[in-house]
Amino acid sequence: MNATVITIMVVYLAIMVGIGLYARTRIKDSTDYHLAGRRLGVFMMAGTLAATEIGGGSSVGVASKAYGDWGLSAGWYVVAAGIGILLVSFVAPAMRRTMAVTVPEVIGRRYGPAAQTMSAILGSVALVALTAVQITATATIVSTLGGISLTWSIAFTGVAVIFYTWIGGMWSVTLTDFVQFFLIVGGFAVAIPFALHNAGGWDNVVANLPEGQLGFTKIGWPTIIGLVVLYFMTFSTGQEAVQRYYSARTPRTAVLGSVLCGILMSVYAFIPAVLGLIALAVYPDIDPNNALATVSVGLLPAVIAGLLLSAVVSATLSSASGNMLGSSTIFIKDLLPKLGGKVTDDNELKYSRIGVLVVGVLATLISLWSQAIIPLLVFAFTMRSAGPFSAFIFALLLKKTSRLAGVVSIIVGTVSGFVWEVAGEPFAVAAIIFGSLCGLTSFLVIHMVDARRGKLVPDAYGPEAEKQPVPVAP
């Protein structure tokens, strides 16, 4: 059976590489590489958003959590993500209208170089960690199927995702995401009835589950609400998501694509959780991270198992490629010039590909060092969003803001979020929520003080810049 499954997956990976090679023919400049020429329609945008956000955490990670403490309620991890994407729809038009390439670019326009550099470092480092998460999730499947060590599986997975992202940039990521999304939904939907049948039916699965595993809200409403807030914040400030909004054809396209993505993610949410429960009922003594792969190999026909695991691999690889490209884009656009690198129209594409290579290698090394999935995912989300969140959202929504408020809120939000995380999240309050509230409070206080002093400034280079000059900060 493993030979059939592996063959299907190899064919799938070959198709993805082929799409990457085709995408390379559509790249004429760095805008094509980073933003697919800003030509994504509603369905392409919804597909690439969904495929990027339905990654290792939303497939392997959810099945693992359902196998463990969360039970069926693990599906809320993805429902919360869908709700978060729906909330981002309200600011999506403002994102698209900036005509920016990165999140730190917008922050830098409003709050200056220091704010831009801090948010760029936070965003780029977090995306490297998120790439490592997706590589780990993919490698667990490769290791289970191929009977090879996890170390070699991580190395193989890292090389594969680096290659097709390096070749085609955002066009490659978008086209492969579009294919991958339908494979994800189709593969998981087909797997459920086969897995249930071979597990002896739903009644038999339920009879072999520990008490409480079917609790729909077992993780608790505070955790669910915290996840919604976390996802809204991380999707509205995360480069891999915002880069897709920047790539939309129009602001209206950005909204419609975002809404459709949120709906699709919510529909998909509980499927991997059910597979995790089936794994627990039939294979109670395995590593939780291997729950999805074990069910696929043990309870599904070879062809269905191949499709399902290809779907999982497609989910994790699409997320990895989006994160990798996002981190590289931030480095090339926001950090390299400040390090003395001269980025021009002629060499930007070359630097971007080098950036993808460097990010991919670093992520692979992190994956080899730490093989956690959801914990590393949540920590990375916290560190990249708790600080920059208020600065970025207010830069999108307000015509004028305080430069000092932006800088201080990034520092306060990041430091407080980190300290709260290290302290073990006292009072069951998520670090990202605590950090963002601290950042928001500091932003509003300083903003109001500077407003009274007449020290608010508009966007330095964006659409508002042509309508009103930027005051000279004293």
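User: How should I read the accessibility of Asp450, as buried or exposed?

Analyst: With a relative accessibility of 7%, Asp450 counts as buried, where buried means under 20% relative accessible area, exposed over 50%, and partly exposed in between (1.4 Å probe, protein chains only). Keep in mind that this is a predicted model, in which local features need pLDDT of at least 70 and side-chain atom pairs count only at pLDDT 80 or more, while totals for chains, interfaces and linings use all residues. Residues are numbered from 1 along each chain as its sequence is written, and side-chain values rest on heavy atoms, with hydrogens and water left out.

User: Which side chain meets that of Asp450 in a salt bridge, and how many salt bridges does the structure hold?

Analyst: Side chains of opposite charge can pair when their charged atoms come close. Here the partner of Asp450 is Arg453, at 3.6 Å from N to O, which satisfies the criterion of a Lys or Arg side-chain nitrogen within 4 Å of an Asp or Glu carboxyl oxygen. Whereas Asp450 is buried, Arg453 is exposed, at 52% relative accessibility. The structure holds four salt bridges.

User: Where do Arg109 and Glu105 lie, and which residues are linked with them in a network of salt bridges?

Analyst: Arg109 and Glu105 both belong to helix α7 (residues 103-111), four residues apart, which is about one turn of the helix; helices are DSSP runs of H or I, at least four residues, numbered from the N terminus. Their side chains form a salt bridge of 3.2 Å, N to O, and Asp459 is linked with Glu105 and Arg109 in a network of such bridges. Arg109 is buried, with 7% relative accessibility, whereas Glu105 is partly exposed, at 22%.

User: What does the salt bridge of Arg384 and Glu240 tie together?

Analyst: The side chains of Arg384 and Glu240 meet at 2.7 Å, N to O. Arg384 lies in helix α18 (residues 374-385) and Glu240 in helix α12 (residues 239-246), so the pair ties together parts that are 144 residues apart in sequence. Both Arg384 and Glu240 are buried.

User: How many cavities does a search of the whole structure find, and what lines the second largest?

Analyst: On a 1 Å grid over the protein atoms alone, a cavity is a set of points where a 1.4 Å probe fits but cannot get out, and lining residues have an atom within 4 Å of a point. The search finds two cavities of 30 Å³ or more, and the second largest has a volume of about 80 Å³. Among the residues lining this second largest cavity are Val103, Leu127, Ile330 and Arg384. Helix α8 (113-146) gives the most to this lining, with three residues.

User: What is the volume of the largest pocket, and which helix gives the most to its lining?

Analyst: A pocket, by contrast, is an open set with protein on both sides within 12 Å along at least five of seven lines. The largest pocket has a volume of about 460 Å³ and is lined by 21 residues, of which Thr223, Leu227, Val378, Glu425 and Ala430 lie nearest its centre. Helix α11 (221-237) gives the most, with six residues, while α18 and α21 (431-452) each supply at least two.

User: Which residues is Ser327 in contact with, leaving aside its neighbours within four places in sequence?

Analyst: Contact means heavy atoms within 4.5 Å, and with those neighbours left aside Ser327 is in contact with Ser124, Leu127, Val128 and Val359. Ser327 sits in helix α16 (residues 302-335) and is buried, its relative accessible area being 0%.

Technical notes
Points joined across faces, edges and corners; volume = space filled by probe spheres on them.
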